[in-house]
Amino acid sequence: MSQEKKNDALERRNFPNTIEIREGSADNNESRKIGGYALKYNAPTLIRDRWGDEWLEEFAVGAFDESIANCKSAGSEIKCLWNHDMAKPLGSTKNDSLRFNSNNTEGLEYEDDLPNNTWGTDAYESVSRGDVDGSSFGFRAKEDKWSKVEYEGKSIYKRSIIKADLYEVSPCTFPAYGSSDISCRSYKDYIESTKDELRIQKIKEESRLIDIQLENRSA
């Protein structure tokens, strides 16, 4: 079941061990670069929200391509932030200091030119030392698809995100994918629609049994 999304809350996901100092970085501040993967495509990951609901989640290849390609023409921008702090920007698609490799089908790969300021130096030193080695990203899903699959011996829902708007990527200190910043209205919508389908199926089955009983009586 595929759903078009409108005005959903901003969601965040995090990935460990995905960011590094990029080749070409040097001691001069003009050339310091960090880069890595904000996410890997088609890699189901177990999500648990603050209410204890669990589901698998994966992003389709190119889920953010449209958002990245159109952000400038739409008058918007995607930011690279230091630990999600809006007051500490590290780069932006507006001036091409933040760039994405749309040709990479393995995952959402990005590279950022660090600014010559305090938090730019902090980011460079922390990533260089390995104190910070993960990335996080903020997005809004525009289209997703839900299904039911088997996972570790039990039946569980899986969310496949087909298309989404990307708002920010962030090198972060504690990248653990299942974060408390998850707001997934489509999960609740899907559960409710599944219940409705089961109710309809039950009504049809009861109606079929009544028809059979009436036929037997008239025979």
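## A look inside the chain

Let's start with who touches whom: among contacts between residues at least 6 apart in sequence, 69% join residues at least 24 apart. Keep in mind that this is a predicted model. Along the chain you'll find three helices and twelve strands.

Here are a few totals for the chain.

| Quantity | Value |
|---|---|
| Share of the 219 residues that is buried | 42% |
| Exposed area of the chain | about 12100 Å² |
| Share of the exposed area from carbon and sulfur atoms | 47% |

Now for the inside. In soluble globular proteins, nonpolar side chains tend to be buried together. In this model, the largest nonpolar core has 31 residues. Those touching the most other members are Phe 59, Phe 64, Phe 100, Leu 108, Phe 137, Leu 166 and Val 169. Several elements give two or more residues to this core, including β4 (33-40), α2 (118-129) and β11 (134-151). Which element gives the most? That's β12, with four residues.

Let's zoom in on Phe 137. Leaving out residues up to four places away in sequence, Phe 137 touches Phe 59, Phe 64, Leu 166 and Val 169, among others. Its list of partners also includes residues such as Glu 11, Arg 12, Arg 13, His 84 and Glu 168.

One of those partners deserves its own stop. Glu 11 sits in strand β2 (residues 11-15). Is Glu 11 buried or exposed? Glu 11 counts as buried because its relative accessibility is 0%, and the cut-off for buried is under 20%. The side chain of Glu 11 also makes a polar contact with the side chain of Arg 159, at 3.1 Å.

Definitions and conventions:
Residues are numbered from 1 along each chain as its sequence is written. This is a predicted model: local features need pLDDT of at least 70, side-chain atom pairs count only at pLDDT 80 or more; totals for chains, interfaces and linings use all residues. Side-chain values use heavy atoms; hydrogens and water are left out. A nonpolar core is a set of buried Ala, Val, Leu, Ile, Met, Phe, Trp, Tyr and Cys residues joined through side-chain atoms within 4.5 Å. Buried means under 20% relative accessible area, exposed over 50%, partly exposed in between (1.4 Å probe, protein chains only). Contact means heavy atoms within 4.5 Å. A polar contact is a pair of N or O atoms within 3.5 Å; within protein, one must be able to donate a hydrogen and the other to accept it, and residues adjacent in sequence count only if both atoms are side-chain atoms. Accessible areas come from the Shrake-Rupley method with a 1.4 Å probe; for residues, only the protein chains shown count as cover.
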